[in-house]
Each structure stands twice: as structure tokens, then as C-alpha cells.
Amino acid sequence: MDEDVAELAKKRAADLGLSIGDYLARLVQDDASGLRARAGDAAARFLAEHQAVFDEAEQAQQTPRGARAA
């Protein structure tokens with residue numbers, strides 16, 4: 001980390017009444033939480049867009065083997 005960024009981190013930690021370690025831990029947790037939320041949103045969009053494919057696959061698994069023969 002360059003000196004300017006380190007100094008900003010120290011000042012921000014002091015402003016919040018945190019040690020530099022606690023401040024950095026908070027930043028990491030916030031970043032990871034945001035990543036988790038974005039991944040969840042992406043998964044929900046994927047499922048919404050492709051729900052019909054999953055429904056068809058599930059229905060095909062539940063249909064008895066001889067039921068398809070005509």
C-alpha cells in the first residue's frame with residue numbers, strides 16, 4: 001500500500017474511533033457482503049430468466065418412463 005493510501009486509512013480509522021486493523025476488517029467485511037448480495041441478485045435473475053428450462057427438466061424427471069410412449 002502506498003504512503004498516501006496508508007495515511008488516508010489511518011486518518012479515516014481515527015475519525016471513526018477504530019484501530020487501523022478494525023477499520024480494514026470493516027472494509028473487507030463490507031466488500032464481501034456487497035459481493036455476496038450481487039451474486040445473489042445475479043443468481044435470482046438467472047433463475048427468473050431460465051425458470052422454464054428448470055421446470056421442464058423437473059417435469060421430465062417426474063414423468064413415468066412409459067408415459068411418453070404413444
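Glu3 lies in helix H1, which covers residues 3-16. The model is predicted. In this model, Glu3 has a relative accessibility of 72%. Exposed means over 50% relative accessible area, so Glu3 counts as exposed. Glu3 also takes part in a negative surface patch. Its partners there are Asp2, Asp4 and Glu7. Asp and Glu count as negative, which is why the patch bears that sign.

A second patch is nonpolar. Met1, Val5, Ile20, Leu24 and Leu27 form this patch on the surface. Together these residues have about 450 Å² of accessible area. Which helix supplies the largest share of the nonpolar patch? Helix H2, residues 20-62, does so with 3 residues.

Leu27 belongs to the nonpolar patch and is found in helix H2. Its relative accessible area is 39%. Buried means under 20% and exposed means over 50%, with partly exposed in between. Leu27 is therefore partly exposed. Patch residues need over 30% relative accessible area, and Leu27, at 39%, meets that cut-off.

Gln62 is also found in helix H2. Is Gln62 buried or exposed? Gln62 has 58% relative accessibility, so this residue counts as exposed. Gln62 and Ala39 are 23 residues apart along the chain. The C-alpha atoms of these two residues are separated by 30 Å.

Key:
Residues are numbered from 1 along each chain as its sequence is written. This is a predicted model: local features need pLDDT of at least 70, side-chain atom pairs count only at pLDDT 80 or more; totals for chains, interfaces and linings use all residues. Side-chain values use heavy atoms; hydrogens and water are left out. Patches are made of residues with over 30% relative accessible area and no salt bridge: like charges are joined within 9 Å, nonpolar side chains (Val, Leu, Ile, Met, Phe, Trp, Tyr) within 5 Å. Accessible areas come from the Shrake-Rupley method with a 1.4 Å probe; for residues, only the protein chains shown count as cover. A salt bridge is a side-chain nitrogen of Lys or Arg within 4 Å of a carboxyl oxygen of Asp or Glu. Helices (H or I, at least four residues) and strands (E, at least two) are DSSP runs, numbered from the N terminus. Buried means under 20% relative accessible area, exposed over 50%, partly exposed in between (1.4 Å probe, protein chains only). The place of a charge is taken as NZ of Lys, CZ of Arg, CG of Asp or CD of Glu.
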